Amino acid sequence: MNQVLFHLAFPVGNITQTKEFYVDGLGCEVGREAADSLILNLYGHQIVAHVTKELLAPQKGIYPRHFGLIFTQEADWESLLARAQEKQLRFHQKPKRRFVGFPTEHRTFFLEDPFDNFLEFKFYCQFSAIFGEAEFAQVGDAV
């Protein structure tokens, strides 16, 4: 099978807190690890935490920068939500439904890691809304 995987690198302040949030909290598996970087398996995708000495200024909101996953099974989305609640991860936005009654309706929640990186986790009620439904132009929350 020729599978394409997603890769994302992001800044963190230290590896210990990164592992607490991503491994103990979200359930990521650790790949390679060095003193200043950590490769993580996030549901089969590679994310890499890089320690930076630069000040990590918090964003004022979820835009313009965040990353996450789109689940194709609602039960998987609910399972991660339950884990995040059980592990008492920091929610930036509590679980909610966006665009109720429209083909783009989806469930979403945002987490915030210890370094002010925002992660969004979604489940679309209709699979076609992931890349389609172009006639419904609204994306995300009103800014």
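## Ring pairs, two sheets and a pocket

A search of the whole structure turns up eight aromatic pairs. Here, rings of Phe, Tyr and Trp (its six-membered ring) pair if their centres lie within 6.5 Å, and planes under 30 degrees apart count as stacked, over 60 as edge-to-face and the rest as tilted. This is a predicted model, in which local features need pLDDT of at least 70, side-chain atom pairs count only at pLDDT 80 or more, and totals for chains, interfaces and linings use all residues. Residues are numbered from 1 along each chain as its sequence is written, and side-chain values use heavy atoms, with hydrogens and water left out.

Take Phe 10 and Tyr 22 to start with: their ring centres sit 5.3 Å apart with the planes at 45°, so the pair is tilted. Phe 10 belongs to strand 1 (residues 7-12) and Tyr 22 to helix 1 (residues 15-25), so this contact ties together parts that are twelve residues apart in sequence. Helices (H or I, at least four residues) and strands (E, at least two) are DSSP runs, numbered from the N terminus. Phe 10 also forms a tilted pair with Phe 67. That one links distant parts of the chain, with Phe 10 in strand 1 and Phe 67 in strand 5 (residues 67-71), 57 residues apart.

| Pair | Centre to centre | Angle between planes |
|---|---|---|
| Phe 10 and Tyr 22 | 5.3 Å | 45° |
| Phe 10 and Phe 67 | 5.4 Å | 40° |

Phe 10 and Tyr 22 are both buried, where buried means under 20% relative accessible area, exposed over 50% and partly exposed in between (1.4 Å probe, protein chains only). Phe 10 comes out at 4%, and Phe 67 is buried too, at 14%. Ring pairs join Phe 10, Phe 21, Tyr 22 and Phe 67 into a cluster.

Now for the sheets. Strand 1 is in an open sheet of four strands, ordered 1-4-3-2 with mixed pairing; two strands pair if DSSP finds at least two bridges between them. Its edges are strand 1 and strand 2 (29-34), each pairing on one side only. Strand 3 (residues 37-42) and strand 4 (residues 45-51) run antiparallel and are joined by six bridges, with His 50 in strand 4 as the bridge partner of Ser 37. Helix 1 lies across strand 1, strand 2, strand 3 and strand 4, at about 5° to strand 3. Axes are lines fitted to C-alpha atoms, for helices over the stretch in contact (heavy atoms within 4.5 Å), and angles run from 0 to 180 degrees between N-to-C directions.

Strand 5 belongs to another open sheet of four strands, in the order 5-8-7-6, again with mixed pairing. Strand 5 and strand 6 (91-98) are the edge strands here. Strand 6 pairs with strand 7 (residues 106-112) in the antiparallel sense over five bridges, and Arg 98 has His 106 of strand 7 as its bridge partner. Helix 2 (residues 74-86) packs on this sheet, touching strand 5, strand 6, strand 7 and strand 8 (118-124), and its direction makes about 30° with that of strand 7.

Strand 5 turns up once more at the largest pocket, where it gives the largest share of the lining, five residues. A pocket is an open set of points on a 1 Å grid over the protein atoms alone where a 1.4 Å probe fits, with protein on both sides within 12 Å along at least five of seven lines; lining residues have an atom within 4 Å of a point. The largest pocket holds about 450 Å³ of space, the volume being the space filled by probe spheres set on the points, which are joined across faces, edges and corners. Of its 15 lining residues, Gly 68, Leu 69, Ile 70, Phe 71 and Ile 130 lie nearest the centre.
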